[in-house]
Amino acid sequence: MDRISLVTGAGTGVGKAASLALAGDGGPVVLAGRRPEPLEEVASTIRAGGGTALAVPTDASDPAAVKALFATARETYGRLDLLFNNAGTNAPGIPLEELSFEQWSTVVNINLTGVFLCTREAFRIMKDQTPRGGRIINNGSISAHVPRPNSAPYTATKHAVTGLTRSTSLDGRKYDIACGQIDIGNALTDMAARMARGVPQADGSTRVEAVMDVENVGRTIAYMASLPAEANAQFVTVMATKMPFIGRG
């Protein structure tokens with residue numbers, strides 16, 4: 001039986017890499033994201049390689065839109081086996097005291113509330129389907145462990161995602177739903193391109209940081225998704241080998 005996957009934030013970056021890797025393993029992929037054009041580009045790439053993809057433009061922070069997304073997935077494919085909660089955003093890198101309520105709320109609504117909304121809909125499908133169960137993978141971040149300067153909204157939401165991952169893993173047991181988290185460091189995407197130009201460090205300096213090909217993330221997601229129901233990669237960190245995470249810079 002084909003694995004039915006759903007990826008949020010699927011049009012670019014990590015979401016695109018994960019979608020391509022999951023499609024390469026076989027099985028349809030439902031692509032969700034706010035912008036239709038990138039989603040259709042990813043869907044076309046998957047179809048050109050012989051795979052199956054369905055693009056569904058969705059704002060992951062909108063409860064009605066999320067409900068419609070999962071209803072479309074179920075109506076189209078009959079079930080859902082894998083959810084990759086990847087949609088995310090960031091606030092400007094400005095001092096905490098200068099952040100607006102709107103900037104804070106936007107990050108919380110997408111990075112945290114969006115993960116909850118998608119997880120809730122996935123539970124509703126996975127617990128009632130036959131065979132029962134499925135797998136949820138949350139995109140944490142190195143920021144789920146340690147912050148960068150001037151990153152309070154992003155860091156707070158990513159720490160919260162870790163708590164949601166743990167609760168989801170626990171609450172999903174009775175429904176045969178596994179939940180794990182991937183924490184990614186310095187994958188080379190449009191969002192991380194600034195690493196090559198230099199980014200602020202905790203000591204006040206600005207330094208260029210090592211990056212890695214985002215395809216490494218796609219392969220890791222595909223590995224986590226490939227595990228049998230009896231096994232779960234609870235927390236996985238994949239990062240540029242030389243990025244300043246371990247140690248003191």
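Pro131 sits in the loop between helix α4 (101-126) and strand β5 (134-139). Here helices (H or I, at least four residues) and strands (E, at least two) are DSSP runs, numbered from the N terminus. A cis peptide bond, with omega of about -5°, links Thr130 to Pro131. Most peptide bonds are trans, and most residues other than glycine have a negative phi.

This is a predicted model, in which local features need pLDDT of at least 70, side-chain atom pairs count only at pLDDT 80 or more, and totals for chains, interfaces and linings use all residues. Residues are numbered from 1 along each chain as its sequence is written, and side-chain values use heavy atoms, with hydrogens and water left out.

Two other loop residues have a positive phi without being glycine. For their cover, buried means under 20% relative accessible area, exposed over 50%, and partly exposed in between (1.4 Å probe, protein chains only).

| Residue | Loop | Phi | Relative accessible area |
|---|---|---|---|
| Ser141 | between β5 and α5 (152-172) | about 155° | 7%, buried |
| Asp176 | between α5 and β6 (177-185) | about 65° | 44%, partly exposed |

Now to a helix. Helix α6 has 12 residues (215-226) and should span 16 Å at 1.5 Å a residue, which agrees with the 16 Å between its end C-alpha atoms. That expected span is 1.5 Å times one less than the number of residues. Among the buried residues of α6 are Val217, Ile221 and Met224.

Finally, the whole chain: the protein has 6 helices and 11 strands, and buried residues make up 49% of its 249 residues. Its C-alpha trace spans about 55 × 35 × 35 Å along the principal axes.
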